[in-house]
Amino acid sequence: MFALTILLVTLTLAGVTPTDLPDVQCHPTDTHFVDDPRACNKYFTCYLGEPISQLCPPGFRFVESMQACYEASVEQCFPCPEQGLHFFAHPKSCGKYVMCHTGVPTEKVCSEGMLFNPAVGQCDLEERVTCEV
């Protein structure tokens, strides 16, 4: 009962209520990790049968078969809008950007001497860009 109380307090502090969780199958006596189907960079720590939401570091995705977070390419784990054409800052490099076309992410590279400028949604001269990666 004490462990369940701690779990509920932890989930509440994290802004997750039990009804927000997908149907996660946790072993009642094991501690293990389970993939979160809502996002590639999220997973659950199953502790005494209860799921606790976790997040991989930026640029990483959870691989359930390896029970760990691994570096992810843009194509493997970048959330794109399902409709239209959009351009976003690359999560790891100011000299790159992500083009999303109908939900499919593609990594692109700016020309020499240029960086991606999220304010204008395209590559721009280095001196006009404040890089925060």
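Two strands count as paired if DSSP finds at least two bridges between them. Strand 7 and strand 8 are joined by six bridges and run antiparallel. The model shown in these views is predicted.

**View 1. The whole protein chain holds one helix and 10 strands.** From the N terminus on, the elements run α-β-β-β-β-β-β-β-β-β-β. The helix thus opens the series of elements, and the strands follow. The protein chain has 133 residues, of which 28% count as buried. Its exposed surface is about 8,700 Å². Carbon and sulfur atoms supply 56% of that surface. Take the contacts in the protein chain with a separation of 6 or more: residues 24 or more positions apart account for 22% of them.

**View 2. Strands 1, 2 and 3 form an open antiparallel sheet.** The order of the strands is 1-2-3. Strand 1 (31-35) and strand 3 (50-55) are the edge strands, and each pairs on one side only. Neighbouring strands of this sheet are turned by 30 degrees against each other on average, direction ignored. Strands of a sheet pair through backbone hydrogen bonds, either parallel or antiparallel.

**View 3. Strand 2 and strand 3 form a hairpin.** Strand 2 covers residues 42-47. Six bridges join strand 2 to strand 3, and the two run antiparallel. Two residues lie between the strands. L48 is in the turn, with a positive phi of about 50 degrees. Y47 stands opposite E50 in strand 3. Y43 faces another residue of strand 3: Y43 stands opposite Q54. Y43 also belongs to an aromatic cluster, together with F33 and F62.

**View 4. Strands 6, 7 and 8 form a second view of an open antiparallel sheet.** The order here is 6-7-8. Strand 6 and strand 8 (104-109) stand at the edges. Each has a single partner strand, so one side of each is left without a neighbour in the sheet. The twist averages 25 degrees from one strand to the next. Six bridges hold the pairing of strand 7 with strand 8. Within this pairing, C100 stands opposite P105 in strand 8.

**View 5. H90 sits in the loop between strand 6 (85-89) and strand 7 (96-101).** Is H90 buried or exposed? The cut-off for buried is under 20% relative accessible area. H90 has 6% relative accessibility, so H90 counts as buried. A polar contact of 2.6 Å joins the side chains of H90 and E107. A polar atom of the H90 side chain also lies 3.3 Å from the backbone nitrogen of S93. Beyond its neighbours within four places in sequence, H90 is in contact with V74, K96, Y97, V98, E107 and V133. E107 thus appears both in this contact list and as the partner in the side-chain polar contact.

**View 6. F116 lies in strand 9 (residues 114-117).** F116 is at 4% relative accessibility and therefore counts as buried. Which residues does F116 touch, not counting residues up to four places away in sequence? They are F87, F88, A89, C94, K96, Y97, C110, G121, Q122, C123 and V129. The C-alpha atoms of F116 and T130 are separated by 9.4 Å. Along the chain these two residues are 14 residues apart.

**View 7. Y97 and F116 make an aromatic pair.** Rings pair if their centres lie within 6.5 Å, and planes under 30 degrees apart count as stacked. By this rule the count comes to five aromatic pairs. Why is the pair of Y97 and F116 stacked? The ring centres of Y97 and F116 are 5.4 Å apart and the planes stand at 20 degrees, so the pair is stacked. Y97 lies in strand 7 and F116 in strand 9, so the pair ties together parts that are 19 residues apart in sequence. Both Y97 and F116 are buried. Y97 also appears among the contacts of H90.

Technical notes:
Residues numbered from 1 in each chain as written. Predicted model: local features only at pLDDT ≥ 70, side-chain atom pairs only at ≥ 80, totals over all residues. Heavy atoms only, no water. Helix = DSSP H or I, 4+ residues; strand = E, 2+ residues; numbered from the N terminus. Buried < 20%, exposed > 50% of the residue type's maximum accessible area, 1.4 Å probe, protein only. Polar contact = N/O pair within 3.5 Å; in protein donor to acceptor, adjacent residues only side chain to side chain. Contact = heavy atoms within 4.5 Å. Axes fitted to C-alpha atoms, helices over the stretch in contact; angles between N-to-C directions. Areas by Shrake-Rupley, 256 points an atom, 1.4 Å probe, with all protein chains shown as cover. Phe/Tyr/Trp six-rings, centres within 6.5 Å; stacked < 30°, edge-to-face > 60°.
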